[in-house]
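Subject: Structure for you to look at

Dear colleague,

Here is the structure I promised to pass on, with the sequence alongside. My notes on what I found follow directly below it, and I would be glad if you read them with the coordinates open.

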Amino acid sequence: MILLRQLLGDVLRRLRVRQGRTLREVSTLARVSLGYLSEVERGQKEASSELLASICGALGVPLSQVLREVSDQFALAELQAAPVLADVPEHERLALSETVPPGSISDSVFPEVKDMVAA
């Protein structure tokens, strides 16, 4: 199962490390305890929207950017976890094709994710 808090923690940690900043520095700027920030980054704690905004402010990145990255990773993980249609019996494939028209979701809603998977 994909946990949102783990993906969020991964994105926050990656941004912090990319900037060459320490947990202590970001926790001080965000006004959150070092231990709590560490738990958020490791996906062990759920961060409130207020805390996320504070962390993003300390990192100098918009919250929308962080949420977009998390959303893209979540969509990619969902696509990778989807069953391969070749392994699904034909009668089930037919049922799937009747419920979701071809291209209705993957082509229109997630074109960037489709491109990432194709690459």
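A search of the whole structure, which is a predicted model, turns up five salt bridges. As background, side chains of opposite charge can pair when their charged atoms come close.

One of the five salt bridges joins E46 and R5, whose closest N and O atoms lie 3.6 Å apart. This pair links distant parts of the chain, since E46 sits in the loop between α3 and α4 (49-59) while R5 belongs to helix α1 (residues 4-18), 41 residues away in sequence. With a relative accessibility of 54%, E46 counts as exposed, whereas R5, at 28%, counts as partly exposed.

Another of the salt bridges is formed by the side chains of R13 and E41, with an N to O distance of 3.8 Å. Because R13 lies in helix α1 and E41 in helix α3, the pair ties together parts that are 28 residues apart in sequence. R13 is partly exposed, its relative accessibility being 28%, but E41 is buried, with a value of 3%.

E41 also forms a salt bridge with R16, and here the closest N and O atoms are 2.7 Å apart. R16 is again a residue of helix α1 and E41 one of helix α3, so that this pair ties together parts 25 residues apart in sequence. R16 counts as buried, at 10% relative accessibility. Through shared partners, the salt bridges join D10, R13, R16 and E41 into one network.

The helix that carries E41 deserves a closer look. Which residues of α3 are buried? They are L37, S38, V40 and E41, and because they cover an arc of only 160° around the axis, they lie on the same side of α3. These buried residues pack against α1, α2 and α4. After α3 comes G43, which has a positive phi, near 75°.

For α2, the buried residues are V26, S27 and A30. Seen down the helix axis they fall within an arc of 100°, and therefore they line one face of α2. General helix geometry is worth keeping in mind here: an α-helix has 3.6 residues a turn, so residues three or four places apart point the same way. R24, T28 and L29, on the other side of α2, are exposed. The cover over the buried residues of α2 includes α1, α3 and α4.

Just after α2, the backbone has a feature that I would ask you to check by eye. R31 takes a positive phi of about 60°, although it is not a glycine. For context, most residues other than glycine have a negative phi. R31 is placed in the loop between α2 (23-30) and α3 (34-41), and its relative accessible area of 79% makes it exposed.

A residue to view together with α2 is L59, which is found in helix α4. L59 is buried, with a relative accessible area of 4%, and leaving aside its neighbours within four places in sequence, it is in contact with L12, L15, R16, Q19, R21 and V26. Among these contacts of L59 are R16, which also takes part in the salt bridge with E41, and V26, which is one of the buried residues of α2. L59 and A30 are 29 residues apart in sequence, and their C-alpha atoms are 8.5 Å apart in space.

Finally, some totals for the protein as a whole. The protein has seven helices and zero strands, and read along the sequence it follows the pattern α-α-α-α-α-α-α. Of its 119 residues, 25% are buried. Among contacts between residues at least 6 apart in sequence, 66% join residues at least 24 apart. The accessible surface comes to about 7,800 Å², and carbon and sulfur atoms account for 58% of that surface.

With best wishes

Terms used:
Residues numbered from 1 in each chain as written. Predicted model: local features only at pLDDT ≥ 70, side-chain atom pairs only at ≥ 80, totals over all residues. Heavy atoms only, no water. Helix = DSSP H or I, 4+ residues; strand = E, 2+ residues; numbered from the N terminus. Buried < 20%, exposed > 50% of the residue type's maximum accessible area, 1.4 Å probe, protein only. Salt bridge = Lys/Arg side-chain N within 4 Å of Asp/Glu carboxyl O. Contact = heavy atoms within 4.5 Å. Arc of directions from axis to C-beta. Areas by Shrake-Rupley, 256 points an atom, 1.4 Å probe, with all protein chains shown as cover.
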